[in-house]
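Please work through the exercises below with the coordinates open, trying each task before reading its solution.

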Amino acid sequence: MKINTKVLIIGLFLQISVIMIKRSLCGLTVDEIRILAGSSMSHATTIANYLYKKRINDTILIQEIPKKVKEELSKKSIPGIYRPVASKRSSDGTIKYLFRNESEQEFETVLLTDSKRTTVCVSSQSGCRMGCPFCVTGKFGFRGNLSARDILTQVLGLPDPEKVTHVVFMGMGEPMDNIENVLKACNILSAEWGLALSQHNITVSTVGITPGIEYFLENSNCNIALSLYSPFPEERYRTVPAEKKYPAHKIIQMMKGYHSSGKRRMSVAYVMIRNTNDTDKHLEGLKVLIHGSGIRINLIPYNPIPGDDNISSSPERIQYFRHELVISGISASIRKSKGIDVSAACGLLASGLQ
Ligand code: SF4
């Protein structure tokens, strides 16, 4: 090999190395940006505002920061917000997006709109390792945790992120199994220098990983929703394997303690399956479990997964449950299923876009 070719290859390698070690600004807190840029807090706040509110794709364009800070930033970082690789629109207007990160992990995001709110349902993991038998994501297997950058990109990388009013962690994965990144993303979503969403408009859903929930309750004021499936431990264990190690009744006791602080909304998600968990016995069990806790019950029609013979409880039965819970003093509501025709509804996410 000629000497010039060698020099060229080494130069190219060095250039690639520099690009590779550049950090993504998306996913960083204002303090981390300050340290990376070697700037004042006020300049770091300006950078964070441009990044998270204006989604700037070149920090050189930020006029309010000194040239030295801009140069330092472009040397060390990239904005890091990336776009979905595919999307599918449901007949009801729901849109499912497929993202792929630099590690080739795939994950899905759902955008739901109605007249009052625009909600993004984000994934916290690529796949899931909780193994709930009626969930397609569980069958997809576990491909890895998503970083705070990957989670935030699911909002910032959409066509109109400024319209987003609510974020729910109900996509692929168990958020409490990736608690540090989920917590960081929640903090950036709600920070004034970040996306400035109200913490009351951010909900993290879990099948119940006690240490993660405890940590989350201590460190965030965002809402939390526990997926229940059955008020009876032995029955719940068959649909939510996590029940064995982390019993739901203990988690509900813990949530009850935190609820008294009144800072956040606590709820229980109850997916209703015909003749399985919608009997009068289940209704009474639910009342006993939740009564006096101040926790709201969200009743959800079941979305059958391929190869499963179970079907959803009828709308009348779901309505009956709601009525009975409400007159017994428990706050209850019914969630409308959306995006079923593009497999964007609860339990159906599994990178099925391509
Ligand atoms: S229901 Fe949630 S926790 Fe269970 S396998 Fe599906 S994504 Fe994972």
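**Exercise 1: an aromatic pair**

Trp 193 is buried, having a relative accessible area of 18%, where buried means under 20% relative accessible area, exposed over 50% and partly exposed in between, with a 1.4 Å probe and protein chains only. The model is a predicted one, in which local features need pLDDT of at least 70 and side-chain atom pairs count only at pLDDT 80 or more, while totals for chains, interfaces and linings use all residues. Residues are numbered from 1 along each chain as its sequence is written, and side-chain values use heavy atoms, with hydrogens and water left out.

Task: classify the ring pair of Tyr 52 and Trp 193 as stacked, tilted or edge-to-face.

Solution. Rings of Phe, Tyr and Trp (its six-membered ring) pair if their centres lie within 6.5 Å, and planes under 30 degrees apart count as stacked, over 60 as edge-to-face and the rest as tilted. The ring centres of Tyr 52 and Trp 193 are 6.2 Å apart and their planes stand at 45 degrees, so the pair is tilted. Next, place the partners in the chain: Tyr 52 belongs to helix α3, whereas Trp 193 lies in the loop between α7 and β10, 141 residues apart; helices (H or I, at least four residues) and strands (E, at least two) are DSSP runs, numbered from the N terminus. Finally, Tyr 52 is buried, because its relative accessible area is 2%.

**Exercise 2: a second pair and its cluster**

Task: determine which class the pair of Phe 99 and Phe 107 belongs to, and which residues form a cluster with ring pairs.

Solution. Phe 99 and Phe 107 are stacked, with 5.8 Å from centre to centre and 5 degrees between the planes. Relative accessibility is 0% for Phe 107, so that residue counts as buried, and Phe 99 is likewise buried with a relative accessible area of 0%. Ring pairs join Tyr 82, Phe 99 and Phe 107 into a cluster.

**Exercise 3: the nonpolar core**

Task: state how many residues the largest nonpolar core has, and which helix gives the most to this core.

Solution. A nonpolar core is a set of buried Ala, Val, Leu, Ile, Met, Phe, Trp, Tyr and Cys residues joined through side-chain atoms within 4.5 Å. The largest one has 97 residues, and those with the most contacts inside it include Tyr 52, Phe 169 and Leu 189. Helix α7 (residues 179-190) gives the most to this core, contributing seven residues.
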